[in-house]
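Subject: Handover of a protein structure

Dear colleague,

Please find below the sequence and structure that I am passing on to you. A description of what was found follows directly after them.

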Amino acid sequence: MTLHMSPLSGVCIALSRESHPKEPVKACYVVLVRNSELDGIIYSINQLESTFNSKYNYPYVFLNDDEFTQEFVDKTSSIGSADKHYGKLDTQMWGYPSFINQTYAAECRSEMASMHIPYADSESYRHMCRFQSGFFFRHPLLDDYDFYWRVEPDVDFSCSVDYDVFEFMRDNNKKYGFTIAFKEFMATVPTLWSTIMDFRRDHPEVVSHWPSKEDSLVRFVTSDDGQSYNGCHFWTNFEIASLDLWRSNDYMKLFSYLDKTGGFYYERWGDAPVHSIAASMMLRKEDVHFFNDVGYRHTAYTHCPTQSEFRDKCSCDPEINMDYNDPMSCLPVFEEAMNP
């Protein structure tokens with residue numbers, strides 16, 4: 001049995017156990033990407049291959065709301081030796097559901113645009129958030145997998161990871177893993193929290209078996225004992241998680257409840273707050289893992305391990321690390337919720 005020292009807690013965690021002798025993990029990378037993002041996703045995959053996947057060869061599942069071009073397939077399939085799978089989203093997964101008033105949705109977008117909210121006037125961004133919140137795990141190409149790692153174009157993976165993260169998740173009963181905790185633009189989710197509170201009220205048969213406030217991470221997403229959402233979320237452009245979390249009846253009921261209110265279109269609910277609030281309420285603290293040892297950059301925000309033992313494994317600059325130096329970081333809130 002190999003032990004991995006968690007840099008956050010200093011606790012040794014088993015990377016493998018005798019109950020799973022050499023048993024492969026059914027895991028994949030999930031990549032929602034457009035043909036126009038080919039260069040960006042090649043950039044990301046090359047880094048992921050060099051820092052991790054060249055050692056483990058987990059397959060990639062590429063998803064698109066359009067048909068992939070032959071150029072996209074040829075160029076991505078030539079990277080590394082892992083299997084690549086390509087799928088198109090149907091109109092149920094990507095597009096307006098029948099209960100959405102598209103005229104009203106357009107009025108809402110215009111109003112949000114006048115407030116200079118990011119992606120305020122984008123229809124496709126809303127389709128994406130709804131898809132990532134409630135549909136990606138239902139795509140047939142993911143049916144055979146138990147875990148996934150979400151990958152996006154134009155991101156950096158800056159640390160060599162010398163253990164199998166999927167085995168780590170399975171063998172330690174982890175359900176959700178992240179590397180950046182971020183603050184939401186609250187103008188995008190004005191009624192999300194109250195809607196989730198309504199779900200809790202209307203479905204006691206679901207929430208009755210969720211962990212208590214003390215055993216869950218609910219303090220990560222609310223700082224006033226549940227009166228309001230504090231904006232903290234796991235930044236879901238990177239997440240390593242169990243697909244069973246989202247496939248569960250509890251989450252499916254919650255997503256359906258949220259979806260029917262129209263908040264993905266009448267507001268701009270993101271998959272990050274939806275996933276994070278759900279995971280913080282549904283999971284026990286020990287089910288969630290901070291991948292401190294995975295250096296990661298998305299847009300202007302970077303997580304770079306600062307501990308000395310990572311200097312020979314990471315190419316990132318530990319001085320450029322948002323964890324404790326950026327007002328947008330919620331990592332201190334996560335740590336306080338883990339150990340109040």
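Strands, like helices, are runs assigned by DSSP and numbered from the N terminus; a strand needs at least two residues in state E, and a helix at least four in state H or I. Under that scheme, V61 belongs to strand β4, which covers residues 60–64. Please bear in mind throughout that the model is predicted.

The chain as a whole

By the same assignment, the protein chain contains 13 helices and 14 strands. Its radius of gyration is 20 Å, close to the 20 Å that the globule rule gives for 340 residues, so the chain is as compact as a globular protein of that length. Taken along the principal axes, the box filled by the C-alpha atoms is roughly 55 × 50 × 40 Å. Of the 340 residues, 55% are buried. The surface that the chain exposes comes to about 14700 Å², and carbon and sulfur atoms supply 49% of that area.

Contacts also show how the chain is folded back on itself in sequence terms. If one takes the contacts between residues at least 6 apart in sequence, 78% of them join residues at least 24 apart.

Strand β4 and V61

Is V61, in strand β4, buried or exposed? Its relative accessibility is 0%, and the cut-off for a buried residue is under 20%, so V61 counts as buried. Leaving aside neighbours within four places in sequence, V61 is in contact with C28, Y29, V30, V31, H85, L141, L142 and Y145. One of these partners, L142, is 81 residues away along the chain, yet the C-alpha atoms of V61 and L142 are separated by 7.7 Å.

F137 and the helices around it

L142 appears again among the residues touched by F137. F137 is placed in the loop between α4 and β6, and at 3% relative accessibility it counts as buried. Apart from residues up to four places away in sequence, F137 touches L142, L243, W246, R247, Y251 and M252. By contrast, D312 is 175 residues from F137 in sequence and 36 Å from it in space, C-alpha to C-alpha.

Y251 leads to the packing of two helices. How do helix α4 (residues 123–134) and helix α10 (residues 249–261) meet? Their axes come within 10 Å and cross at roughly 155°. An angle over 145 degrees counts as roughly antiparallel, so α4 is roughly antiparallel to α10. R130, S133 and G134 of α4 make the contact with Y251, F255 and D259 of α10. Sorted by class, this contact has two nonpolar, two polar and two charged residues.

Helix α10 also holds Y257. Residues up to four places away in sequence not being counted, Y257 touches T195, D198, F199, R201, D202 and H203. The C-alpha atoms of Y257 and I196 are 8.5 Å apart in space, while the two residues are 61 apart in sequence.

Two residues with positive phi

Most residues other than glycine have a negative phi. Which backbone angle sets Y119 apart from that pattern? Phi of Y119 is near 60°, a positive value in a residue that is not glycine. Y119 is found in the loop between α3 (102–114) and α4, and it is partly exposed, with a relative accessible area of 49%.

D154 likewise has a positive phi, of about 60°, and is not a glycine. D154 sits in the loop between β6 (147–150) and β7 (155–157). With a relative accessible area of 46%, D154 is partly exposed.

Helix α5 and E167

Finally, E167 is located in helix α5, residues 165–171. E167 is partly exposed, its relative accessible area being 24%. F147 lies 20 residues from E167 in sequence, and the C-alpha atoms of the two are 9.7 Å apart.

Yours sincerely,
A colleague

Key: Residues numbered from 1 in each chain as written. Predicted model: local features only at pLDDT ≥ 70, side-chain atom pairs only at ≥ 80, totals over all residues. Heavy atoms only, no water. Axes fitted to C-alpha atoms, helices over the stretch in contact; angles between N-to-C directions. Parallel < 35°, antiparallel > 145°, perpendicular 65-115°, else oblique. Contact = heavy atoms within 4.5 Å. Nonpolar A, V, L, I, M, F, W, Y, C, P; charged D, E, K, R; others polar. Rg over C-alpha atoms; globule rule 2.2 N^0.38 Å. Buried < 20%, exposed > 50% of the residue type's maximum accessible area, 1.4 Å probe, protein only. Areas by Shrake-Rupley, 256 points an atom, 1.4 Å probe, with all protein chains shown as cover.
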